[in-house]
Structures are given as C-alpha cells and as structure tokens.
Amino acid sequence: MARYVIQAENQLERIEKLNQMLNELSKLSKQSLVTRPRPKKWSVVEIVQHMVIAQKVYAPKINGVLDTASKSTNNSEHKASFVPSYLIKSFPPQQGKVKSKMKTFKRFLPVINDLNGVDVEQEFKALHECLNELSSWVKEYSMKDTAGIKFNSAIGAVVRFNVPEACEFILGHNERHFHQINEALAMIENK
C-alpha cells in the first residue's frame with residue numbers, strides 16, 4: 001500500500017471548508033440541531049460535541065511536540081507511515097459514503113443530558129475554536145521538524161502519530177462527522 005501524502009495547504013483548505021459548513025449549520029433552527037434522526041442516533045449538536053471531545057484528547061500531545069520541535073524550512077508535505085496511512089485513507093467519507101463504520105469509545109461520547117436545554121451556540125463556538133486550533137497546528141508544523149516525533153493516538157500505543165499525521169486524522173474524523181451531520185439532517189427533513 002502506498003503511503004499517504006499529507007499536504008499542509010490541502011489541510012488548511014479543508015479546515016476552512018468545515019468552518020464554512022459550520023457557519024451554515026448555525027443558521028438552522030435549534031430544533032433541527034437538537035433533534036435525533038432516530039432514537040439511537042446522535043443529533044447535530046451531539047455530533048459537534050463529539051468532534052470537540054475527540055480533538056481535545058490530542059491537544060496536549062500536539063502542543064507538547066510543537067513547543068519542543070526545532071524550527072525548519074518548509075515542511076508542508078509529509079509521507080505518513082504505514083499504519084497512519086491506512087487509517088487516514090479509510091477514515092474520511094469517500095464518494096459520499098463512509099467506508100468503514102466504527103463504534104465510538106465511551107470517553108468520546110457526547111455528554112448532553114438535556115438536548116432542549118443545550119446551548120447550541122456555545123457548542124458551535126467550541127468546534128470553531130477547535131477547527132481554528134487545528135489550522136494553527138498545521139501552520140506551525142509546516143515550519144518545524146516534527147515528522148520524527150511520535151506520540152500515542154487517542155486509543156493508545158497501538159497507533160502512534162506524528163503531528164502531521166494526527167492533524168490529518170483529526171481532519172478526516174471531522175469530515176466523517178460532517179457527513180454524518182448531513183445524513184442526520186436529511187433524515188430529520190424526511191420525517
């Protein structure tokens with residue numbers, strides 16, 4: 001299997017697209033955003049909270065590497081190692097479909113007890129902040145030597161990432177869940 005090529009410029013464009021999509025979602029009614037399409041499916045706001053929870057697990061690891069990595073000339077393109085390449089390729093939606101379904105670990109589950117009482121604006125603001133943080137990580141890693149510094153993924157030492165790989169994984173995770181949001185909204189409209 002060919003190794004996945006990570007390009008900082010491509011990541012930044014995709015992050016901006018997600019920020020624009022989030023802006024569009026924020027214009028929808030609160031009822032659309034808190035309604036579950038089916039009893040055991042997440043609402044849009046729960047999906048948004050899940051993305052925030054997942055990224056926050058990586059923040060101390062990525063910030064730690066970026067704080068200690070030495071400056072370098074343009075490192076805007078990286079080849080992912082074998083296992084991250086496999087995950088990165090299989091994670092985001094392809095041709096409008098999620099290729100491989102995955103169960104979420106308990107620690108990444110949304111923790112909204114009252115969907116009608118949730119502050120949707122605050123949840124969306126938190127995701128905008130995460131997307132902006134992801135963008136800043138991409139900009140910073142492209143100016144530092146981070147490719148050789150690996151850390152455990154959110155599931156432990158089974159998968160180890162460097163900063164470019166982790167950013168690509170987080171981005172693919174978010175793209176996967178924005179696809180899930182679109183599916184949830186389509187189900188709600190067809191009720």
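**Exercise 1. Determine whether Pro60 is buried or exposed, and state where Pro60 is placed.**

Solution. In this predicted model, Pro60 has a relative accessibility of 57%. The cut-off for an exposed residue is over 50%, so Pro60 counts as exposed. Pro60 belongs to helix 3, which spans residues 44-68. A distance completes the description: the C-alpha atom of Pro60 is separated by 24 Å from that of Thr73, 13 residues apart from Pro60 along the chain.

**Exercise 2. Classify the packing of helix 4 against helix 6.**

Solution. Two packed helices are described by the angle between their axes and by the distance between those axes. For helix 4 (residues 82-90) and helix 6 (residues 163-189), the angle is about 20° and the axes are 9 Å apart. Angles under 35 degrees count as roughly parallel; helix 4 is therefore roughly parallel to helix 6. The handedness remains to be given: the crossing of helix 4 with helix 6 is left-handed.

**Exercise 3. Describe the salt bridge between Glu175 and Arg14, including the locations and the burial of both residues.**

Solution. Begin with the contact: the closest N and O atoms of Glu175 and Arg14 are 2.7 Å apart. This pair links distant parts of the chain, since Glu175 lies in helix 6 and Arg14 in helix 1 (residues 8-25), 161 residues apart. Next, consider accessibility: both Glu175 and Arg14 are buried. Finally, Glu168 joins Arg14 and Glu175 in a network of salt bridges. The whole structure contains seven salt bridges.

**Exercise 4. Establish the accessibility class of each partner in the salt bridges Arg36 with Glu46 and Lys27 with Glu24.**

Solution. Take Arg36 and Glu46, whose side chains meet at 2.5 Å, N to O. Arg36 is in the loop between helix 2 (30-34) and helix 3, whereas Glu46 is in helix 3, 10 residues apart from Arg36. Because its relative accessibility is 33%, Arg36 counts as partly exposed. Glu46, at 3%, counts as buried.

Turn now to Lys27 and Glu24, which meet at 3.1 Å, N to O. Lys27 has a relative accessibility of 63% and so counts as exposed, while Glu24, at 48%, counts as partly exposed.

**Exercise 5. Identify the residues that form a nonpolar surface patch with Val158, and characterise Val158 itself.**

Solution. The patch consists of Phe105, Ile155 and Val158. Together, these residues have about 330 Å² of accessible area. Val158 is located in strand 4 (residues 156-161). Its relative accessible area is 68%, and Val158 is therefore exposed.

Technical notes
Residues numbered from 1 in each chain as written. Predicted model: local features only at pLDDT ≥ 70, side-chain atom pairs only at ≥ 80, totals over all residues. Heavy atoms only, no water. Helix = DSSP H or I, 4+ residues; strand = E, 2+ residues; numbered from the N terminus. Buried < 20%, exposed > 50% of the residue type's maximum accessible area, 1.4 Å probe, protein only. Patch = residues over 30% accessible without salt bridge, like charges linked within 9 Å, V, L, I, M, F, W, Y side chains within 5 Å. Areas by Shrake-Rupley, 256 points an atom, 1.4 Å probe, with all protein chains shown as cover. Salt bridge = Lys/Arg side-chain N within 4 Å of Asp/Glu carboxyl O. Axes fitted to C-alpha atoms, helices over the stretch in contact; angles between N-to-C directions. Parallel < 35°, antiparallel > 145°, perpendicular 65-115°, else oblique. Left-handed = near helix turned anticlockwise from the far one by under 90°.
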